[in-house]
Amino acid sequence: MEPTLSAVVVPVPEAEPRVGALRAALDPSAALGVPAHVTIMFPFLAPPRIDDGARAALGEVCAAAPPFEVTFERVAWFDEDVVWWAPEPAGPFVRLTSSVSRRFGLQPYGGAHGDGVTPHLTIAHGAPVPRLRAAAAEVADGPPVRATVRSAVLMTGSREPGSWTTVAEFPLGGS
């Protein structure tokens, strides 16, 4: 199946041991093949529009952002529908999203959530509230997870299980 969607994300493999099983059961994007991540831009360009020029421009945006350390400790909610892990500091993710937005004329989530950006790593989405609460408590009970962000990746896929794959990786400046 041809990809119909794309996204720019920062994978967080260090989080997988803590949230991988929860995401597999409770986050529909995990079934699509998307790893634990912080979204920089979704939707990104339609896959047919991702050419060498778009890749080069995305590479320039990423190269202008320095690598950074991040910690995931605080669990938060979007209403009673999404449980997520808050990256600290959030600022580098906000700045990277803003840079991609300006360069490509895009808004995160197509503008569905307004102009503000709330960087997050989704743990669970759309499950019954008691199951979401249990997932939130499980993650909150563990130690913080630390990671070094050195790159962002461009992924494409569709709404079909296992369809998402990494198209390209873009190092942050200095990494």
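This is a short talk on the sheets, helices and largest pocket of one predicted model.

Two notes before the structure. Residues are numbered from 1 along each chain as its sequence is written, and side-chain values use heavy atoms, with hydrogens and water left out. Since the model is predicted, local features need pLDDT of at least 70, side-chain atom pairs count only at pLDDT 80 or more, and totals for chains, interfaces and linings use all residues.

I will start with the sheets. When I say helix or strand, I mean a DSSP run, numbered from the N terminus: H or I with at least four residues for helices, E with at least two for strands. Two strands pair if DSSP finds at least two bridges between them.

One open sheet has four strands in the order 5-4-3-6, paired antiparallel. At its edges are strand 5 and strand 6 (145-149), each with a single partner strand, so one side of each has no neighbour in the sheet. From one strand to the next, the twist averages 30 degrees. Inside this sheet, strand 3 (residues 68-78) and strand 4 (residues 82-88) run antiparallel and are joined by seven bridges. Trp77 sits opposite Val83 in strand 4. In the loop between strand 3 and strand 4 we find Asp79, which has a positive phi of about 50 degrees although it is not a glycine. After strand 4, the loop to helix 4 holds Pro89, and the peptide bond from Glu88 to Pro89 is cis, with omega near 0 degrees.

Now the helices on this side. Axes here are lines fitted to C-alpha atoms, for helices over the stretch in contact, and angles run from 0 to 180 degrees between N-to-C directions. Contact means heavy atoms within 4.5 Å. Helix 5 (residues 129-140) lies across strand 3, strand 4 and strand 5, at about 150 degrees to strand 3. How do helix 1 and helix 5 pack? Helix 1 (residues 16-26) packs with helix 5 at about 170 degrees, their axes 10 Å apart. The two helices are therefore roughly antiparallel, the word used for angles over 145 degrees. Arg18, Val19, Leu22 and Leu26 of helix 1 meet Arg131, Ala135, Glu138 and Val139 of helix 5.

There is also an open sheet of four strands in the order 2-1-7-8, again with antiparallel pairing. Strand 2 and strand 8 (165-171) are the edge strands, each pairing on one side only. Here the twist averages 35 degrees from one strand to the next. Strand 1 and strand 2 are joined by four bridges, and Val9 stands opposite Thr39 in strand 2. Helix 4 lies across strand 1 and strand 2, at about 30 degrees to strand 2.

Last, the largest pocket. A pocket is found on a 1 Å grid over the protein atoms alone, as an open set of points where a 1.4 Å probe fits, with protein on both sides within 12 Å along at least five of seven lines; lining residues have an atom within 4 Å of a point. Its volume, the space filled by probe spheres set on the points, which are joined across faces, edges and corners, is about 820 Å³. Which residues lie nearest the centre? Of 32 lining residues, they are Thr39, Phe42, Tyr109, His120 and Thr122. Strand 2 gives the most to the lining, with four residues. Phe42 also precedes a cis peptide bond, to Pro43, with omega near -10 degrees.

Note on methods
Angles under 35 degrees count as roughly parallel, over 145 as roughly antiparallel, 65 to 115 as roughly perpendicular and the rest as oblique.
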